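Colleague: I should like to learn how to read the contacts between chains and the empty spaces in a model. Could we take them in turn?

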Amino acid sequence: MTTTEEHKPFEAAAVPLTAHKESVANKVFGGVSLVSASLILATLAAVATFLLVEAWPALTDTSGELAAKVDWIRPDMGQDLIQIVGYLVFGTVLISTIALLIATPLSIGIALFISHYAPRKLAAGLGYVIDLLAAIPSVVYGLWGAIVVLPVLQPFYNWLGENLGWIPLFAPDPLTGTVSNTGRVALSAGIVLAIMIIPIITAVTREVFLQTPTLHEEAALAMGATRWEMVRMAVFPFGRSGMIGATMLGLGRALGETMAVYMILSPGLSYSFAILQGGLHNTIAANIALKFPEANSEGVSALIAMGLALFVITLLVNMLARWIVSRRSEFSGAN
Amino acid sequence: MSKRIDVNNLNVYYSKFLAVEDVSLAVEPNSVTALIGPSGCGKSTFLRTLNRMHEVIPGARVEGEVLMDGENLYAKNIDPVAVRKHVGMVFQRPNPFPTMSIAENVLAGVKLNNGRISKSDAEELVEGSLRGANLWNEVKDRLDKPGSSLSGGQQQRLCIARAIAIKPDVMLMDEPCSALDPISTLAIEDLMQELKNEYTIVIVTHNMQQAARVADRTAFFNIAGTGQPGKLIEMNDTATMFSTPSEKATEDYISGRFG
């Protein structure tokens with residue numbers, strides 16, 4: 001072989017500058033992912049259209065036909081469709097807020113324990129258990145809540161009503177002078193919902209906490225920070241937007257939860273903040289489940305209008321969450 | 001106040017793995033001591049035992065003793081958190097807290113452990129520490145801006161200011177210039193010469209010229225092979241180490257034959 005021939009492979013390997021035909025695999029994969037992405041948008045649009053179209057008759061009814069055909073719509077009692085939706089939005093937000101107020105600190109505590117306090121083996125086990133909690137169907141949570149949790153909570157509610165009844169939240173029923181004796185109240189629903197959303201909030205915050213730069217943690221420790229001070233200096237500021245995003249995801253789940261609330265709460269309609277009295281609140285989702293089996297076509301249309309309201313609320317919450325989480329990217333560029 | 005450090009028969013472990021074996025050396029007060037050696041020889045690991053940062057890693061532990069002015073830092077009744085208030089540390093990469101302003105970064109250590117400080121004292125301490133780190137003139141007009149808005153070299157000097165704000169006795173520096181450009185490196189090296197008037201300084205460096213420029217004494221660490229523990233080969237005045245080292249391995253390393 002001559003020297004020239006040895007150089008030949010180099011020339012042969014040179015890629016031509018002209019465009020070449022796209023491979024089949026490339027095209028197929030591109031097409032599949034495009035279709036998948038479009039499906040999501042199409043589904044969302046389909047759901048939104050369905051809700052709007054089906055709810056339209058109920059929303060635009062001015063003739064009083066709706067009230068005549070749906071027995072639970074009572075304009076004479078201040079309960080026309082819009083007013084009912086108002087009560088239910090209030091109930092939904094109230095109960096979800098209770099759930100969030102209980103679940104957020106607990107979840108952050110658990111996540112912090114797993115990420116920064118527990119020995120490695122225990123942390124792995126705990127993380128697994130938390131993920132298992134997320135897999136329990138909500139109807140099981142509802143059963144457990146109704147049968148096990150309510151009797152446990154009742155004495156505590158009695159105590160709250162007797163000793164802290166002057167706080168509007170814990171006010172007893174003005175007629176009987178006591179709090180509900182069944183425990184089927186907004187606080188119970190909030191507590192069970194809190195247990196249901198703890199896994200998702202914990203899982204997301206744990207991931208965020210684990211991503212805290214070692215550099216910042218060591219900076220705090222090397223200045224003589226205790227572990228808790230290190231967490232406050234390095235972990236929380238870094239994970240702040242992640243924690244907010246996780247909480248919003250939990251809120252999104254709490255807003256839409258149906259079965260657990262349906263099985264626990266004694267339903268009613270009001271703008272009352274008395275979370276220890278039964279028959280005052282209900283959520284949109286639980287109300288739909290409650291009324292749907294006996295609904296005629298007008299009733300279904302009215303229920304779908306409520307579904308539309310829930311759709312809008314969850315959409316807003318999720319958009320808020322996305323927005324907060326996306327602000328993170330600016331922060332992470334800080335170092 | 002500058003303090004001396006005496007290390008006696010120190011073994012450092014990561015779980016069962018012996019990372020650094022049987023180190024005994026003395027660090028004089030008001031001096032700069034450089035630790036040099038090839039990658040993986042345990043010099044950074046050793047440095048982190050001097051403020052008990054080593055044990056932050058799960059499973060890490062130490063045998064032997066580290067005496068600071070005669071007091072064993074590894075005695076049973078010693079709180080590692082308190083040790084770190086006396087032995088400050090500057091890291092390889094500048095790590096100011098990104099969510100804190102320049103002034104807050106300087107005060108971060110002082111406010112720990114329920115430390116309270118009046119506003120005028122705080123301002124004084126911020127200025128004093130930033131002056132001490134040769135950074136005051138560059139940042140005095142933007143103390144409320146985030147620490148991460150500074151250049152790499154400025155950030156590193158901010159970290160030094162943060163470390164001297166808690167008034168330590170000893171300052172550890174773990175390759176403080178390895179992420180910096182030559183001019184920033186020079187600024188930090190000049191700073192070290194000023195800082196040694198008040199503190200005992202121990203610096204880990206990969207850069208032998210840097211050791212030769214800044215250190216009064218130099219310790220050479222080496223490792224026999226992968227999986228073997230790092231050992232202190234020899235320690236001497238920097239001038240002697242770089243002209244007539246007593247060990248063959250030291251001579252090979254500083255003349256660039258390996259590492």
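Modeller: Contact here means heavy atoms within 4.5 Å. The model is predicted, and in it 28 residues of chain B are in contact with 18 residues of chain A.

Colleague: How much area do chain B and chain A bury between them?

Modeller: The size of an interface is often given as the accessible area lost when the parts come together. Here chain B and chain A bury about 2000 Å² between them, and carbon and sulfur atoms account for 65% of that area.

Colleague: How many salt bridges does the rule find across the interface of chain B and chain A, and which residues form a salt bridge?

Modeller: A salt bridge requires a side-chain nitrogen of Lys or Arg within 4 Å of a carboxyl oxygen of Asp or Glu. The rule finds one across this interface. B:Arg48 forms a salt bridge with A:Glu218, with 2.7 Å between the closest N and O atoms. Two residue pairs in polar contact are also found across the interface, both at pLDDT 80 or more.

Colleague: Which elements give two or more residues to the side of chain B that touches chain A?

Modeller: They are H2, strand E6 (87–90) and helix H6 (152–165) of chain B. H2(B) provides the largest share, three residues. Sorted by class, this side of chain B has 15 nonpolar, eight polar and five charged residues.

Colleague: Turning to empty space, how much of it lies in the largest pocket?

Modeller: Rolling a probe the size of a water molecule over the atoms shows where empty space is left. In this model the largest pocket holds about 770 Å³ of space. Its lining comprises 26 residues, and A:Ser115, A:His116, A:Arg227, B:Val56 and B:Pro58 lie nearest its centre. Two or more lining residues come from each of helices H4 (81–117), H5 (120–135), H7 (186–210), H8 (214–222) and H9 (227–256) of chain A, and from helix H2 (80–86) of chain B. The lining of the largest pocket has 15 nonpolar, five polar and six charged residues.

Colleague: How many cavities of 30 Å³ or more does a search of the whole structure find, and which residues line the largest cavity?

Modeller: The search finds one cavity of that size, with about 50 Å³ of space in it. Its lining residues include A:Ala219 and A:Met223, together with B:Met89, B:Phe91 and B:Arg162. E6 and H6 of chain B each give two or more residues to this lining, and H6(B) has the largest share, three residues. By class, seven residues of the cavity lining are nonpolar, one is polar and one is charged.

Terms used. Residues numbered from 1 in each chain as written. Chains lettered and ligands numbered in written order. Predicted model: local features only at pLDDT ≥ 70, side-chain atom pairs only at ≥ 80, totals over all residues. Heavy atoms only, no water. 1 Å grid on protein atoms, 1.4 Å probe; cavity = no way out; pocket = protein on both sides within 12 Å on 5 of 7 lines; lining within 4 Å. Points joined across faces, edges and corners; volume = space filled by probe spheres on them. Helix = DSSP H or I, 4+ residues; strand = E, 2+ residues; numbered from the N terminus. Nonpolar A, V, L, I, M, F, W, Y, C, P; charged D, E, K, R; others polar. Buried area = accessible area lost by both parts, 1.4 Å probe. Polar contact = N/O pair within 3.5 Å; in protein donor to acceptor, adjacent residues only side chain to side chain.
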